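Subject: The structure we talked about

Hello,

Here is the structure for you to look through. Open it first, then read my notes below.

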Amino acid sequence: MQHAIPVVELGPQGLAMAKAVDSCVHCGLCLAACPTYKTLGEEMDSPRGRIFLMKEALEGSLTTEEVLPYVDRCLGCMACVTACPSGVAYGDLLAPFRAHAEKTRHRPVMEAAARLLVRTTMPYPRRFRSAVRLGKLARVARPLLPPALRPMLDMLPDSLPASAPLPERIDTQGQRRARVALLTGCVQNVLAPEINWATARVLARNGVEVVIPRSQGCCGSLSLHTGEADQARDLARHNLRVFPHDVDAIITNAAGCGSGMHEYPLLFAGQPDEDAAQVFAHKVMDISVFLYQLGIETPPPLPQPVRVAYHDACHLAHAQRITAEPRSLLVTVPNLTLVEIPEGDLCCGSAGTYNLEQPDTARQLGERKAHNILAVEPQVIAAGNIGCIMQIRKHIRGQSQALPILHTITILDRAYAGLPLLSE
Amino acid sequence: MALETLISELTARIPPERLLQQRPQLAPYESDALTSLRARPRAVLLAGTQEEVIDAVRLCHAHRVPFVARGSGTSLSGGSLPIEDGIVIALNRLNRIIALDPRQRLAVVEPGIINLDVSRAAAPHGLYYAPDPSSQPICTIGGNVAFNSGGAHCLKYGMTANHVLGIKAVLPDGEVVQLGGASLETSGPDLTGFFVGSEGLFGVALEITLRLLPKPEAYRTILASYDSLAAAGQAVSDVVAAGLLPGAMEIMDRLAIEAAEASVNAGYPRDAAALLIVELEGEAVEVDAEFAHLRRVIERSGAGEIRVAADEAERARIWKGRKGAFSAVGRLSPNYIVQDGVVPRSKLGEALQRIEALSAAHGTRVANVFHAGDGNLHPLILYDGRVPGALERAEDLAGEIIHMCIELGGSITGEHGVGMEKRRHMPAMFSPDDLALMSSVRRAVDPLELANRGKMLPAGQTQVTAGQHEQAVTDHG
Amino acid sequence: MADRLAPVAVEHVAQVQEAVRAFDRVTVRGSGTKPALAIAPSYDRAQPLDLRGLRGIVEYEPQEYTFTARAGTPLAEVNDLLAANGQYLPFDPVLVEAGATLGGTVASGLSGSGRLRYGGVRDFILGVRFVDGSGATVQGGGKVVKNAAGFDFPKLLTGSIGRLGVIVEVSFKVFPAPPAYRSLLVHFPSFSPALEAIYALTTQPFDLVALDLLPGDEPTGAKEGWTLALRIGGAKALLASRLDRVQRILAAGDAVSSPAGDAEASFWREAAEFAWAPAAANLVKVALTPTQIPALESRLVATPVPCRYTVAGNVLWIAWPDALAKLDSILNELGLAGVVVRGQATVPWIGRAPTSAFARRIKSALDPHDKFAPLYPD
């Protein structure tokens, strides 16, 4: 699509934004893949419409304020990128645009407060842990709270598992085949620390030495995907410094983190850390891809046959094009049958902080996902992202069902240990 | 002003979230898939019910305001380009399947339903909806009806018109009519067939009765590479001469192969100058026998590499590459014009050579992806709209290609419709008498020329009154 | 009936244009195989034009799967030429041996039993040249197999029985002809299992050429029950096994015969010539769907008349021996519409009145001076 975006004025990311607009031919094939278009049915809530709106805003014929409501409604699930034959790098437009817009944006007081709360707690595990505890107390006062804050409370778990920090190094069992560093993540480490433990155990079992830098922090993806580019850069820069260079890979078990860390080069474009970001991003690998490429030992058979529905997290399937690897790993488990979820390409509505900021759309998508999952009658749901796990669990329970929903790596871990899958 | 009176009447009836009037809401509706034309409508009505559509059309008629019906906005001919002093009636939410009758192989649908969703709904019954435009994951049946859309599989089972049995429509003055019905046959003139392909000039289809077909028992898909487009074209003639009737015969040239490969890794031979895809479908035993025959014909046709789809997944990949090819060309060029001319099949080779020569003479790259079995060419004329004069040069080349198609005894459009983009070429294909009759038919149905004003019929024929202002429809093309 | 004018024999399109301009009222005829369609009582003073002289195939390139011919060309001539090149008209034209012309076939919009496989006249017509009510010669559609330019006059003229314009030339799409055919005749003791068999067959992926249902036991000539007649076409070596598969679906049917060769061919040829319909009876075509048939049958059962359901229950051909008023009222009651092809009709339409605001407006554009008979009665 033709445009008159002032590329130079927009700084280092201007070129990437302009290129995404350039390659869009407005054919509309992305509409069919877009969760908000499927839910809302209007052109400005489609990828094609948003690209057009962002283009108009960058060109100056619409104001940023005018287009933001529609840009905000984007889940950033990147299903449009998978669907797009023209190769539009939608993410290269969306994240820089959000950052660009955030600079001049005026938010209502309560919305700003809610965002501030998210921004200042979620990326920091200790603060997040305290916030969750406080939030549980605040539930009593829910009716008195402004609507902007209520969805946050509703997402809080009933109880938090005990903090269980990993050691700084876990040695291999048997001969060493590789050495990796593990990103433990922020939110996940508070809500489900067992996923990191499972990751470390499965790696060790398969001959991989795991390094867990103690001073690591949040990878910055949450901030990056919500337009907080400066915070994202600060967080990322910290990890660029504290992660070791002498590892074969930097492993993540959260889809959003993996996708965000692959965006570091664009985030640091034209900045002193650009080279370091390139090297780092090049090493980042989702756990499923790493294990698949490494080749894993076949686990012992599950005690009884289990039907597992694998849910494609958008930030794995669309943002990183990872769909085959987790499935291949799961089917190495004897007695495990994989079933495919209808509309599997469609986002579950979790999408980082989306379920906090656009609760209505998130709820509709969550319900649709639960409905689709239940239609194929699995006994266990597998997913490779903590956000999806939380969201799907909530909506499966909303349908009065109690299916266990486990991280892919947890399933492998339990299979190795001879533990049953049919409970969380 | 009549337009503002209409808007205030609509505002009184339609909740604001379904009557879009703000700048950021309207901007994304300015273009369909033909982005060289843009027009911002006064409002977009996201119709929720058939009654709302009828109501809106009646109000437009009462206030003499032109309207454009729109589905998913995938027209390549600017067929759903809005009118600046008019409204858009968006039908994409009007997407129910009203009835699915597997025993009689019928589906009654609303216009906003997506083409592929009809086949998805029919699949559990072993049935499908045959017309398969490349945009089928998103294009709507209403749009297919308006433009008589085709697809890759038209050779055997025809275009949209051959699969539409009945239409309930609101005419441009608000009168609701039922054309055809549920039977494969009618008595009297084929009004349903006449409505299909009328590019929205006869009003808005509200309910469409579709014929479904049993899903073929077997498909066999073969890919063959050639060192020239002419050789691939000759292979098509050989297949036809052999008395075979494939479901589809498609050709792609080097540029299109490159783009499609970059897009979906379809596994096309990258070094080929031309690629031929032939697909047989039908009863398994018949397809097997025909396939042996087809294979011999292809082997003797001078093909380089020959590949046969081993399973459904490979077949799907082959078609994904082909169907995404237009959009994939977006990787090669920021802008392009898609042409849709038709030539007699035996003139394919000549037409392709002439396109090549024209491309060289104009210094403009042309990618070719086309329905070879139908002689339906799709030259994609690549240009960079930021370069002054590039669009004009591309349009000149497009015009020359269109005139070549007419000269060879073909048509200016096979399946995309005339829309905005080809109406200036109508006089080259039709005589003044032909066009005069089309205009009088149009005016008999829509004296105020409100429905999709400006599409199909050449500019200058339509002098209309909009509101209190005398306004000539000008050619944006 | 008042006196009729002698037909003018037409040999050139210009004569049609002159006639339309010169006379107040004009009717068209070909070889008169569907006489009821040419009747227009209020147009007794109309000048008939005989188009049989406007004949000949203008263009035929077998490799294109298309041909163009003048309206008066007999179908037999077209069929012979196509057959010599291994091709055919898949809509299975009727009354070919009776002498039907191409123009009359388009104007009547009639297709045969074989239209089940790929479609009817409307699905194979590509282009039409006609003289409209102002005497202008208009070309609609094209000569290539795919075309989306302009309004689809070829389809509009299909079934217009001379009331929208005088068809002078048509272009058609053709297909390679199946090298061989086989048929199966299955007798059912009653109607309802026969109808169930139609449903069972049409939802399977069988490429059936034709699927008809006719009263009585066709092979034995007995009057009881119904006979399902189906036809497949294709490579000869495969027909027997394909027919076997079809037959297995039809476990319900009892007596089965499977004619081959000349007997098979003449069974379908006779169907296309309406050999079963007494010449003196009114021959009526009714468009319907299979689910509408039981109600219709329950109205017809009292007075059995020769009839034949074709196209998998989408068309009823009925030879009505008496005055049409009764059939008209039965059809009206059931909301069905038909057309009288042969017989004592005053207008060709029967059953549910085919009124359409859309049709009226189009008629006013194509025939502003009422040169041709009214499309529908007022």
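What radius of gyration would a compact globule of 378 residues have, and what does chain C have? The rule puts such a globule near 21 Å, and chain C has 21 Å, so the two agree. Please keep in mind that this is a predicted model. My notes go chain by chain, then turn to contacts and cysteines.

**Chain C**

Chain C holds twelve helices and 19 strands. Its C-alpha atoms fit a box of roughly 65 × 50 × 35 Å along the principal axes. Of its 378 residues, 62% are buried. Now take the contacts in chain C with a separation of 6 or more: 69% of them involve residues 24 or more positions apart. The exposed area of chain C is about 13600 Å², with 52% coming from carbon and sulfur atoms. The charges are 36 positive and 36 negative, and their mean positions are 4 Å apart.

**Chain A**

Chain A has 23 helices and nine strands. Its radius of gyration is 21 Å, close to the 22 Å that the globule rule gives for 424 residues, so chain A is as compact as a globular protein of that length. The C-alpha trace of chain A spans about 65 × 50 × 45 Å along its principal axes. Buried residues make up 60% of the chain. For contacts in chain A with a separation of 6 or more, 74% are between residues 24 or more positions apart. Chain A exposes about 16500 Å², and carbon and sulfur atoms supply 55% of that. It carries 41 positive and 41 negative side chains. The centres of those two sets lie 6 Å apart.

One helix in chain A is worth finding on your screen. Which residues of helix 17 are buried? The helix covers residues 287-294, and its buried residues are Ile287(A), Ser288(A), Val289(A), Phe290(A) and Leu291(A). Gly295(A) follows helix 17. The phi of Gly295(A) is positive, near 90 degrees.

**Chain B**

Chain B comes to 16 helices and 20 strands. A compact globule of 477 residues would have a radius of gyration near 23 Å; chain B has 22 Å, which agrees. Its C-alpha atoms fill a box of roughly 70 × 55 × 45 Å along the principal axes. Of the 477 residues, 67% are buried. Among contacts between residues at least 6 apart in sequence, 69% join residues at least 24 apart. The accessible surface of chain B is about 14600 Å², and 49% of it belongs to carbon and sulfur atoms. Chain B has 44 positive and 57 negative charges. Their mean positions are 4 Å apart.

Next, look at Glu17(B). Where does Glu17(B) lie in chain B? It sits in the loop between helix 1 (2-13) and strand 1 (19-20). Is Glu17(B) buried or exposed? Its relative accessible area is 52%, and exposed means over 50%, so Glu17(B) counts as exposed. Leave aside its neighbours within four places in sequence, and Glu17(B) is in contact with Glu42(A) and Leu46(B). Glu17(B) and Leu179(B) are 162 residues apart in sequence. In space, their C-alpha atoms are 33 Å apart.

**Between the chains**

Which chains share the most contacts? There are two pairs of chains in contact, and chains B and C come out on top. No contact joins chain A and chain C. The closest C-alpha atoms of chains A and C lie 20 Å apart.

**Cysteines**

How many disulfides does a search of the whole structure find? It finds zero, over all chains. A disulfide is a covalent bond between the sulfur atoms of two cysteines. Why is there no bond at Cys218(A)? The closest cysteine sulfur, in Cys186(A), is 3.6 Å away, and a disulfide needs the sulfurs within 2.5 Å, so the pair is too far apart. Cys218(A) is buried, at 2% relative accessibility. Cys257(A) gives a second case. Its closest cysteine sulfur is in Cys219(A), 3.8 Å away, which is too far for a bond. Cys257(A) is buried too, with a relative accessible area of 14%.

Best wishes

How values were computed
Residues are numbered from 1 along each chain as its sequence is written. Chains are lettered from A and ligands numbered from 1 in the order in which they are written. This is a predicted model: local features need pLDDT of at least 70, side-chain atom pairs count only at pLDDT 80 or more; totals for chains, interfaces and linings use all residues. Side-chain values use heavy atoms; hydrogens and water are left out. Helices (H or I, at least four residues) and strands (E, at least two) are DSSP runs, numbered from the N terminus. The radius of gyration is taken over C-alpha atoms; the globule rule is 2.2 Å times the number of residues to the power 0.38. Buried means under 20% relative accessible area, exposed over 50%, partly exposed in between (1.4 Å probe, protein chains only). Contact means heavy atoms within 4.5 Å. Accessible areas come from the Shrake-Rupley method with a 1.4 Å probe; for residues, only the protein chains shown count as cover. Lys and Arg count as positive and Asp and Glu as negative; His and the chain ends are not counted. The place of a charge is taken as NZ of Lys, CZ of Arg, CG of Asp or CD of Glu.
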